Amino acid sequence: MIFTSAVLLLMACGAQRRSVLTYVDPNIGTAHSRWFFYTPAAIPYGMAKLAPSTNGSYGNAQGWEAVGYDTRHNSIEGFVHFHEWQVGGVSVMPATGELKVKPGKLEDPDGGYRSRFDRKNETAEPGYYKVLLDDYGVTAELTATKHVGFHRYTFPQHDKSRILFDIGNVQGESGEVRDAGIKMIDDTHFEGFVITYPKYVQKYDEGGIVAMYIYGQVSKKPGAVGSFNAQGIRHNTTSAGGKGAGLFLEYKTGDKEAIELKVGLSYTSVANARINYQAEAASLTFDQARQQARETWEKELGKLYVEGTNDKDKVKFYTGLYHALLGRGSASDVNGSFPRFGGAVGVLPKDRKGNFSYNFNNTDAIWGGFWNITQLWTLAYPGQYNDFVHTQLEIYKDRGWFGDGIANSNFVSGVGTNFVGLAIAAAYNAGIRDYDTALAYKAVKANELEWAGRKVGSGKMDTKAFVDHGYSPYLEADVTDSTGSHFSASHTMEYSFSAFAAAQMAKAMGKQQDYAQLINYADGWKNLFEPTKKLIHPKKADGTFIDRFDPYEAWRGFQEGNAIQYTFYVPHNPKALIEAIGKDEFNTRLDGIFATAQKSGFGGGKTIDAFAGIKSLYNHGNQPNLHISWLFNFSGKPWLTQKWTRAICDEFYGTESIHGYGYGQDEDQGQLGSWYVMASLGLFDVKGFTDARPIIQLGSPLFDKATVKLGNGKALTIETKDNSAQNIYVQSAEFNGKPLNNCWLYLDELMEGGKLRLVMGNKPKIDWGVKTPPPSVQ
């Protein structure tokens, strides 16, 4: 075979490019991780998200706590198919020996069907999981397509081998199981369902349900089938129903005999689970599905390609990107069906080519997502941003309000606020507009200004108070209603920001009257700024500041944070905040905050808890703080943004199971991972692209070279010269060959692609990027 020199050069380049998958470690950050965090056997934004569970059967008392898989546990109780915010169900477990139909407890593995395992015999990579179950000598392997879970269980020689389907019991955040059923419909095919009532549906959308359906096939006819439920065990029966429902398939296996399962999933019906199965898996083998998943991950992760000598940074980068692409899974079927509130089924519209042009997704709240995941979507994954907008517009059409967190069209807000309008306004202003923009604006405006008939799960129940007073008044009781909120100060800061975003969308659409009204509310934060201490201070309806004020106290006036943290929550107008505090004092205070925060790893220290840092000066483990290290770009000291963002990347983020995203912090479906990706590229917008003409600020890129396949088909290359762990400060920059003297660009300029080149050094270049700060109010 004869190759041209050009082909040989391409082959050589290809050989040098190491697969990005080698840098992804799904086990990072798995201590105290949320139910949806660890799902290695899945593809980006898939419905089928398979994972081992160590304590998912425990459920959780409040509906959000860490549960599912924890690196500190040493036994596995099953492999679960559904993993989303407030959604969990359908566990499968291989076993041998004595029949047990309860998973048992972590402290007593022999008391149930769970099995011990050793992590040296565990493999987790994007799209694939493998583990040896020590108690049974069974090797379990998992992979997935978008709607189908694949299992391969390799058994030892044994007369009493089995596969258990645990359908009718709590899994993770599922909440109460209302009903369940499973049955064999012939020798090898099965179908089933489970209907749950999650804690946050109960709290925020009473009367809703989360239903999950399965249809699948096992590769070998069982020798016998039995069932179980809350009433007990029944042998020689092929169906089970009610709470606790499950089946066990009995086999005699030879040594190293593999039995495989394919399980089609749906949120709408068994019929659609079967359609999903037939469309994606009927003729697909386990190995083919695994390879297909691998290729999908390679393609999606490869849209961002970073180069440099520090492999640890690459592991952080690609693992963060992996979590960003794993969160927020599809809830629609291959035929366009998707779940509506109360068990109804909707069908997505088709585009001009007859295709379903978007997915309906389940999603955690977007609270803080504009400082990470939506920026990443804008650059390289606009299809995911488009899916988010379409999903929320379907919710609005069906329910009359945006829902923030969504579980099968149920409102599961979680934080009682709602930033969906801001996220959609940012999408519009960033040029992502493949939806009904008139409807989108109507919904965005309503989200900011309307309250009559508002559903509690839509959040912002104090909208009337904010509109009437220009701020949300403080209520001593732990409630939020039309008169104010216990979290009044943080709500005021948030509503001011989202009013700004809606105003910018109105301005971009030529709606000047609406713009004037909304931009006035964007100054709501000024009503709570106390000029003596120069802090945000909760205020009562009579206009007086609350007493017994402690700036470090969380949960009194501030949700998941305190006054020190939330005083910097004016991302839409940094200039005004800087002027209110005083430029020198602003820089001194903020720099001092980071110097102190560095001593505790920029979060809650080594305490393994999601809320460990909410009483600190700075808490990178939670959303309200994620923009403030970039504020120095606005205050005339961009080198401090370069210093502190690089330090956060180096020290808050780790590559271990316990020190991954801080210590046991709340990663929220890819948000902290996305922040790392953006910061390590040296790109970020404090305002989350909400300006009528969005901007993007520059930081300190970690890599020698990064190539981004932009969502518009163009390419952006970010190159650094003399970059190192010590050389963190920008000395000079150029964009497409022209000197760049600002520490920012307009987003539309960046999206034209080309080359951004930065020369780095070990000392601050205090005269670079300071002449023209990023615009604050457009």
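How many nonpolar, polar and charged residues does the lining of the largest pocket have, by class? The structure examined is a predicted model, and the description below turns to this question after the annotated regions and one glycine have been placed.

Two domain annotations are available from UniProt, both in an unreviewed entry. The record assigns residues 23-266 to the feature "domain: Glycosyl hydrolase family 92 N-terminal". Within residues 23-266, strand accounts for 47% of the chain and helix for 2%; the C-alpha atoms at the two ends of this stretch are separated by 32 Å. The other annotation, "domain: Glycosyl hydrolase family", is listed by UniProt at residues 272-762. In that stretch, helix amounts to 38% and strand to 13%, with the end C-alpha atoms 59 Å apart.

Gly-208 is found in the loop that runs between helix H2 (199-204) and strand E13 (210-218). Its relative accessibility is 2%, and Gly-208 is therefore classed as buried, the limit for that class being under 20%. Beyond residues up to four places away in sequence, the contacts of Gly-208 are Tyr-197, Val-201, Phe-341 and Asn-410. A further spatial relation links Gly-208 with Gly-342: the C-alpha atoms of the two lie 5.0 Å apart, although 134 residues separate them in sequence.

Helix H2, which precedes the loop of Gly-208, also takes part in the largest pocket. The volume of this pocket is about 700 Å³. Its lining comprises 32 residues, and H2 supplies the largest share, three residues. Nearest the centre of the pocket are Tyr-200, Tyr-204, Gly-414, Val-415 and Gln-559. In answer to the opening question, the lining of the largest pocket divides into 13 nonpolar, 11 polar and eight charged residues.

Enclosed space was also examined. Across the whole structure, seven cavities of 30 Å³ or more were found. The largest cavity holds about 80 Å³ of space. It is lined by 13 residues, among which Gly-29, Ser-33, Phe-37, Gln-665 and Glu-667 lie closest to the centre. By class, the lining of the largest cavity consists of three nonpolar, six polar and four charged residues. Of the residues closest to the cavity centre, Gly-29, Ser-33 and Phe-37 fall within the range 23-266 that UniProt gives for the N-terminal feature, whereas Gln-665 and Glu-667 fall within the range 272-762.

How values were computed
Residues numbered from 1 in each chain as written. Predicted model: local features only at pLDDT ≥ 70, side-chain atom pairs only at ≥ 80, totals over all residues. Heavy atoms only, no water. UniProt positions renumbered as here; feature names shortened; annotations may be inferred. Helix = DSSP H or I, 4+ residues; strand = E, 2+ residues; numbered from the N terminus. Buried < 20%, exposed > 50% of the residue type's maximum accessible area, 1.4 Å probe, protein only. Contact = heavy atoms within 4.5 Å. 1 Å grid on protein atoms, 1.4 Å probe; cavity = no way out; pocket = protein on both sides within 12 Å on 5 of 7 lines; lining within 4 Å. Points joined across faces, edges and corners; volume = space filled by probe spheres on them. Nonpolar A, V, L, I, M, F, W, Y, C, P; charged D, E, K, R; others polar.
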